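The following exercises are to be worked with the sequence and the structure at hand. Each task is followed by a solution in steps.

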Amino acid sequence: MTELAAMNGEPILSTKGLSKRFGGLVAVSDVSLDLHVGEVHVVIGPNGAGKTTLTNLLSGDLLPTSGQVMFGGRDIAGCTSDHISRLGIGRSYQKTNIFLPFTVFENARLAAQSRTPHALKVFSRAADYAEINQRAGAALEAAGLSHRAQRIAATLSHGEQRQLEIAMCLATQPRVLLLDEPLAGMGPHESQRMVELIKKLTEDHAIMLIEHDMDAVFALAHRLTVMVNGEVLESGTPDEVRSSPAVQLAYLGGEELLHD
Amino acid sequence: MDFAFFLIQLLNGLQYGLLLFLVASGLTLIFGIMGIINLAHGSFYMVGAYLAWSLSSLTGSLTVAILLAIPLTVILGMGLERLLFRHLYQRDHLYQVLLTYGLILVFEELRSLIWGDDVHGVAVPALLNASIPLTENLSYPVYRLAISGVCLLLAAALYLLIQKTRLGMMIRAGASNRDMVQSLGIDIKLIYTLVFALGIALAAFAGMINAPLSSVFRNLGSHVLIICFVVVVIGGIGSVKGAMAASLLIGLAETFGQVLVPEVAGMIVYVLMAVVLVWRPQGLFGKA
Amino acid sequence: MNSSRFAQLLPWFVLGLLALFPLVENTFYMQLLTKVLIMAIFAMSLDLLVGYTGLVSFGHAAYFGLAGYTLALMSPGYEAVSLWWSLPAAIVVCALFALITGMLVLRTRGIYFIMVTLAFAQMLFFVFHDTKLGGGSDGAYIYVKPSMRLGDFELVNLEKAEQFYWLVLFLMAAAYLLLHRVLDSSFGRALLGIKVNEHRMRALGFPVFRYQLASFTLAGSLAGIAGYLAAVQYGFVNPEILSWHQSGAVLMMVILGGMGTLYGAVIGSFAFILLQEVLSNQAWFGAWAKHWQLAMGILIMLVALYLPQGLAGLAQKFRGKPVPESADD
C-alpha cells in the first residue's frame, strides 16, 4: 500500500470517514479510501455491502451523513451531482441509465455537450458543433460502439448499452471514473473487450471499479478494498488482500482466490 | 377584536379546516397509494352537496338524505375506479390530468342537466338548528359545532383504520411497495378500489354536511379542490397527518385573513404554499 | 417531389394559404381563424414545457391572462396604446412572473408540480378577481386597440381586422420558427434529454434547474404574446382568461394535436376550436348546444385514454412510421 502511494504521489480523490445512514440503517460507515491517476481501485464485497451507496456518495447522487470527500484540494461532500460531474468525476450506473429513445450518437453527443460553455447558445444548431461531435465520436470509438452510432439506444443489446454507459461517461472527459459493475450481464467476449478498455483508460484516469467478476477484478486491480456491512474490511494491493485472513474468513472463502 | 369575536373566528377556522381535511385526506390517500392525480376530486364534493340538497328536499330530512347519499357516492366511486381510473395507474400523470379534467366538464354539465344552474339553500336539521349565546349579540350555531365534531370523529376513525387494521396495514404497504404487496398475494386491485371509493365518499360527505352552510351552486367543487391541492402540497403527499396539520393551518389562515385583511385574503394560502415550497419542498410531513 | 422535400415545403404552403385567406373571407371565419392562430401560439408555448421539457404545467393560463391584463392596464382609456412598447412590456411582465414562479414550482416534480402550477395560476386569478386592480370579477375593457406608428405614419392599426389577422399570423409563424430553432440547438437537445432522463442529465453535469427555468420562462413569455393578442381580439379581459379551464383547454390542444411536435400544437388548437364551434352550434344541436362541454369532456377523456400521441401520432401510425419520441417514460 505504501509502495503504491509512493509510486503515484498524492491521491486525486480521497474520502475520510465517509458515512451514510438511512434512518436507522448504516449503509456506509467510516470509509476512507484513495484514488490515484493511473490506478484501478476495485471495491468488492457481498450484495448490500454498501458499494453502490459509496459510489452514489462520491458522485453526489446521495449526500453523506458525515465525512469528507477531498478532490482537487477541497471537500466536495455535499455538492450536487451536476457540480461534481463538471469538476471531472464521471460515473456509470449499475442499472443501465441512458437516453433510450435517442440514437447512440445523440447519447454520446449530449454527454460531450455538457462540457461546452456554448450550451446556452440557443440559435445555433446543436449538430453544427464540430468539436462536440468529434468528442462524442471519439468516446464511441473508444467504447467500441462506432458502428452502432445511428441506432436507437433502446434497440441495443444489453452489453452494448453497458458500453454506451461508459462512452457517455468518457465523453464528459472526467479525470476520475466511477464504474459500477460495468461487466454485469455481459457475455465473455464483451467482458473481455470491456476489461481491455478499462485497462487502456487507466493510463490517464483514476478509476474506482465495483465488480463481482473475480477474473476481471484481478486482471485490473492495482488496489483492492473489501467492504462488508458498509465498512472497509481490508484495503491494500491485491496480494495483501488475498493473503488477509480476515478477508478469506469473512467473505472470499479462500479457494477461488488462492487458485487465481 | 374582543374575545367572543375571536372565539367565533377560531371555531369557524377550525371547522373550515376540518372540513377541508375530509376532502384533502381522500385526495392525499389517492395520490400517495395509487399514484393518481385526480382533478375531479372536487366534483365529488359538488355531487355530495347536490345530493344532500335534492334528497333532503325529497325526503324532508338532511339526515335521511345523507344516509341515502353515502352509499350512492361509494358506488359511484367504485364504478368510476373500475371504469376509468384503473386504466391510468401505469400512465404518465399528463394523461391523468387530461382525463380527470374531462371528467370535471362531464360532471359540471351533468349537474347542469340534472339539477339546473340555480343556487339552492339546504335547511339545517331541526335538532341542530340552535345557537349558543356568547355575548348579548354574538352567538355560535350548534350546527357548525356538530360539523366539527363529526369531522373529528371521522379523522379519528381514519387514523385507526390506517394504523390499526389489517386493511390499513395493506394500504400502508401498498403505498410503499406495490410489488411486494402483490407478491404476498394481496389483491391490490381491490385495495385500490376501496381506497378510491373511501376518498370519494369522504369528499362527497364533506359536500353534504357543508351544504346548509355554503348553499349549493355551480362550480362549488373547484374552489375546494384547489385549496385542497394547497393543503396536500403543504402537508406532504400521502401523509394523512400532514393533511390534518395543513388543513387546520389553511382553515385558520383563510378565516382570519377574511376578517383582518379581506382584500388579500384569497392570496394568503398561496403565499403560505410558496413559503413551504422554499423552505420544505416535500411538504411539512412529506418524505424527503 | 420526394416526401422530405414535400414535408419541408408544406408549412410554407400552408402559411401562404393562410396569408391569402382574408382576401377570400374577412368576417366570421377570418376572426375564427385569428382565434385559432392565437391559441396555436399559446399551445406551442405549452408544448415547449410538456412535450420538450417534460414539465406538465396545469397553470399555463396564468401567463396568458397576465399579458391580457397588462395590456388592459396599459391602455389609456380612449386612445390607442402603441404596439411598439406595449407588446414587449407584456412579454417582459410575463417573463418576470414566469421566472419568479418558475424558481418556486421547479423545486417540485411530478404530481406536486401539476398542483403547484395550478395553485399559482389560481393565486393570480384571485389577485384579479378580488382586488380592484383589473376591475375585479367584471374585468376591464380595452376600448381602442393598439396601433403601431412610425412618426406620423400609421404602420399597423389593429382596429382593422385584416391587419390584426396578419399580425397574428406573422407572430404565430415567428413563434414557430423561433421554437423550431431553439429546439434544434444545444439548449433544445438538453431540454429533451431532461424530459427523457433528468437524473442522467444531472449526472452528466447539466445544471438541470437552470435549463428548466429558462424553458419555463420562455414558455411563459410566448404564452404572454398569445394572451396579449387574445385581449386585443376581444377588447376585454376578465379573470376567466386565467382560470384553470383555460389551462385545461390548452393542455387538451397540445395532446390532441400531438405533443412534442410543435406543429401538433397548431393542429390541436385548430381541431379544438373547430370542435368547440361545432358542438356549441345551436342550429345543429339545439338545446344540447348549451351543454357542449359534456361532449367535449367525453372527447377529452377518450383522447387521454385512446389517443395519447394525438392526431400527429395517428397520422404517423397510418404512414407506418414509428412516433419519434415516446410520450410515456
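**Exercise 1: Residues with a positive phi**

Asp30(A) is partly exposed, since 15 other C-beta atoms lie within 10 Å. The model is a predicted one.

Task. Determine where Asp30(A) is found and what sign its phi has.

Solution. Step one: Asp30(A) belongs to strand S2 of chain A, which covers residues 25–31. Step two: the phi of Asp30(A) is positive, about 55°, although this residue is not a glycine. Step three: as background, most residues other than glycine have a negative phi.

Task. State in which loop Ser215(B) lies and whether Ser215(B) is buried or partly exposed.

Solution. Step one: on chain B, the loop that holds Ser215(B) lies between helix H8 (188–214) and helix H9 (220–235). Step two: Ser215(B) has 14 other C-beta atoms within 10 Å. Step three: a residue is buried at 20 or more such atoms and exposed at 12 or fewer, and partly exposed in between; Ser215(B) is therefore partly exposed. Step four: Ser215(B) is not a glycine, yet its phi is positive, about 65°.

**Exercise 2: The partners of strand S1**

Task. Describe how strand S1 of chain A pairs with S2(A), with S3(A) and with S5(A).

Solution. Step one: S1(A) and S2(A) pair in the antiparallel sense over four bridges. Within this pairing, Lys20(A) has Val28(A) in S2(A) as its bridge partner. Step two: S1(A) and S2(A) form a hairpin with two residues between them. Gly23(A), in the turn, has a positive phi of about 60°.

Step three: S1(A), residues 13–22, also pairs with S3(A), residues 34–35, in the antiparallel sense over two bridges. Here Ser14(A) stands opposite Asp34(A). Step four: S1(A) is joined by five bridges to S5(A), residues 66–71, and these two strands run antiparallel. In S5(A), Met70(A) stands opposite Ser14(A).

**Exercise 3: The contact between chains A and C**

Task. State how many residues of chain A are in contact with chain C, and which element of chain A gives the largest share.

Solution. Step one: 27 residues of chain A are in contact with 23 residues of chain C. Step two: on the side of chain A that touches chain C, the elements giving two or more residues are helix H3 (81–87) and helix H4 (104–113). Step three: H3(A) gives the largest share, four residues. Step four: by class, this side of chain A has 13 nonpolar, nine polar and five charged residues.

Notes:
Residues numbered from 1 in each chain as written. Chains lettered and ligands numbered in written order. Predicted model: local features only at pLDDT ≥ 70, side-chain atom pairs only at ≥ 80, totals over all residues. Pairing = 2+ DSSP bridges. Contact = placed C-beta atoms within 7 Å. Nonpolar A, V, L, I, M, F, W, Y, C, P; charged D, E, K, R; others polar.
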